[in-house]
Amino acid sequence: MKIIDLLKSPKVCVSCELFPPKKGSELEHAQEIVRTIAIQGVDYMSVTYGAGGTAVGKSVALVSEIERCGVPALAHLTCVGADEGKIEGVLDQLKDAHVENVLALRGDLPQGQDHPLGDYAHASDLVKKIKSYGDFCVGGATYPEGHPEAAGLDEDLEHTKMKVEAGCDFLVTQMFFDNSMFYNFMYRLLAKGIQVPVVAGIMPVTNLKQIEKIFTLSGTPVPAPLRAMAERFADHPAALKQAGMAYAIGQIVDLIANGFTNIHIYTMNKPEIIGGIRSNLSEIIRC
Ligand code: FAD
């Protein structure tokens with residue numbers, strides 16, 4: 001099933017993200033997580049792609065398992081450092097696994113590198129390639145704060161527009177913790193003429209280290225209430241998990257109330273998180 005059909009429907013669409021295991025021996029456990037989430041119920045699941053194509057076999061094994069469970073899979077694919085043959089090889093594997101949806105990404109540049117590497121300089125080049133190679137529904141990333149390499153949000157939005165013009169069917173946002181910032185971003189996106197569905201990325205924060213990492217890696221600002229919450233419950237993991245989920249649920253209810261019905265949850269391979277969030281939203285999802 002093509003994800004764009006879910007995103008264009010007025011119904012609430014809740015998806016979640018998984019990452020492939022680092023060690024081969026953990027693959028069976030990751031596949032078990034997929035099966036658990038499929039039983040709990042989710043509209044689609046995405047699987048990340050290791051920087052530079054590391055663990056590609058495990059990413060493909062996980063998206064295959066998702067499809068086997070009868071849930072649409074969204075395979076992330078990065079192009080940094082990749083040549084055409086490698087990209088076509090992965091797309092062939094996805095076709096064989098009946099995966100119809102790909103999130104086209106450039107990937108982070110290796111440290112010290114400041115210009116693109118490989119046959120595809122930008123995600124928009126990868127979008128064009130995927131669209132010409134098969135009948136895939138293609139998504140792209142977008143950044144409510146602007147991508148860290150861009151001179152500013154306006155420049156970054158020009159590049160996002162190029163991604164959409166290249167054939168991107170939908171966009172998924174970097175995680176954010178302040179909905180008002182997302183609403184401002186949506187106005188700017190619309191003002192640029194970008195009209196494809198936008199999926200809001202929500203990360204339930206469940207430990208203090210995660211907050212520090214998010215800020216360092218993505219530059220996403222952490223609002224004071226979230227930081228206070230993480231610090232207050234830092235030594236009480238179960239309480240922090242509950243508080244982090246409650247914060248995420250608050251964001252999701254506000255998004256749905258304001259008409260943004262496509263929500264992607266960064267679950268960090270924890271089925272209890274997506275299960276807990278979905279059960280808290282059961283009536284909201286239905287109306
Ligand atoms: P691009 O869209 O190519 O943008 C990268 C930078 O280049 C931006 O600053 C942009 O403004 C600029 N740019 C774009 N086009 C042009 C142009 N034509 N000329 C000049 N500048 C241009 N990483 C992984 O390794 N694996 C994953 O699975 C993964 N999943 C992700 C999922 C989501 C939802 C998000 C938001 C990010 C994900 N990332 C993942 C991280 C992502 O790979 C990095 O943020 C990366 O640095 C940028 O990728 P992009 O696809 O946004 O690149």
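Helices, as runs of H or I of at least four residues, and strands, as runs of E of at least two, are taken from DSSP and numbered from the N terminus. The structure described here is a predicted model.

**Surroundings of the ligand**

The shell around the ligand holds 23 residues, of which T48, H76, R106, A123 and A141 come nearest. Sorted by class, this shell has eight nonpolar, ten polar and five charged residues. Strand 3 (73–78), helix 5 (123–133) and helix 6 (153–165) each supply at least two residues of the shell, and helix 6 gives the most, with four residues.

**Helix 6**

The contribution of helix 6 to the shell around the ligand, four residues and the most of any, invites a closer look at this element. At 1.5 Å a residue, its 13 residues should span 18 Å, and because its end C-alpha atoms are 18 Å apart, the expected and the computed values agree.

Which residues of helix 6 are buried? They are L157, T160, K163 and V164. Seen down the axis of helix 6, these buried residues fall within an arc of 105°, so they line one face of the helix. The face turned away from this buried side carries the exposed residues D154 and E158. What covers the buried residues of helix 6 includes helix 5, strand 5 (137–142), strand 6 (170–173) and helix 7 (179–191); helix 5, one of these covering elements, also supplies at least two residues of the shell around the ligand. Helix 6 is followed by G167, whose phi is positive, near 125°.

**Positive phi outside glycine**

Two residues that are not glycines also have a positive phi: H98, at about 60°, and M268, at about 50°. The table sets out their phi values and their places in the chain.

| Residue | Phi | Place |
|---|---|---|
| H98 | about 60° | loop between helix 4 (84–96) and strand 4 (101–105) |
| M268 | about 50° | loop between strand 8 (262–266) and helix 11 (271–280) |

Are H98 and M268 exposed or partly exposed? H98 has 12 other C-beta atoms within 10 Å, and because a residue with 12 or fewer such neighbours counts as exposed, H98 is placed in that class. M268 has 16 C-beta neighbours inside 10 Å and therefore counts as partly exposed, since that class lies between the limit of 12 or fewer for exposed residues and that of 20 or more for buried ones.

Note on methods
Residues are numbered from 1 along each chain as its sequence is written. This is a predicted model: local features need pLDDT of at least 70, side-chain atom pairs count only at pLDDT 80 or more; totals for chains, interfaces and linings use all residues. A residue is near a molecule or strand if its C-beta atom, placed from the backbone, lies within 6 Å of it. Ala, Val, Leu, Ile, Met, Phe, Trp, Tyr, Cys and Pro count as nonpolar, Asp, Glu, Lys and Arg as charged, and the others, Gly among them, as polar. The expected span of a helix is 1.5 Å times one less than its number of residues. The arc is that of the directions from the helix axis to the C-beta atoms. Two residues are in contact if their C-beta atoms, placed from the backbone, lie within 7 Å.
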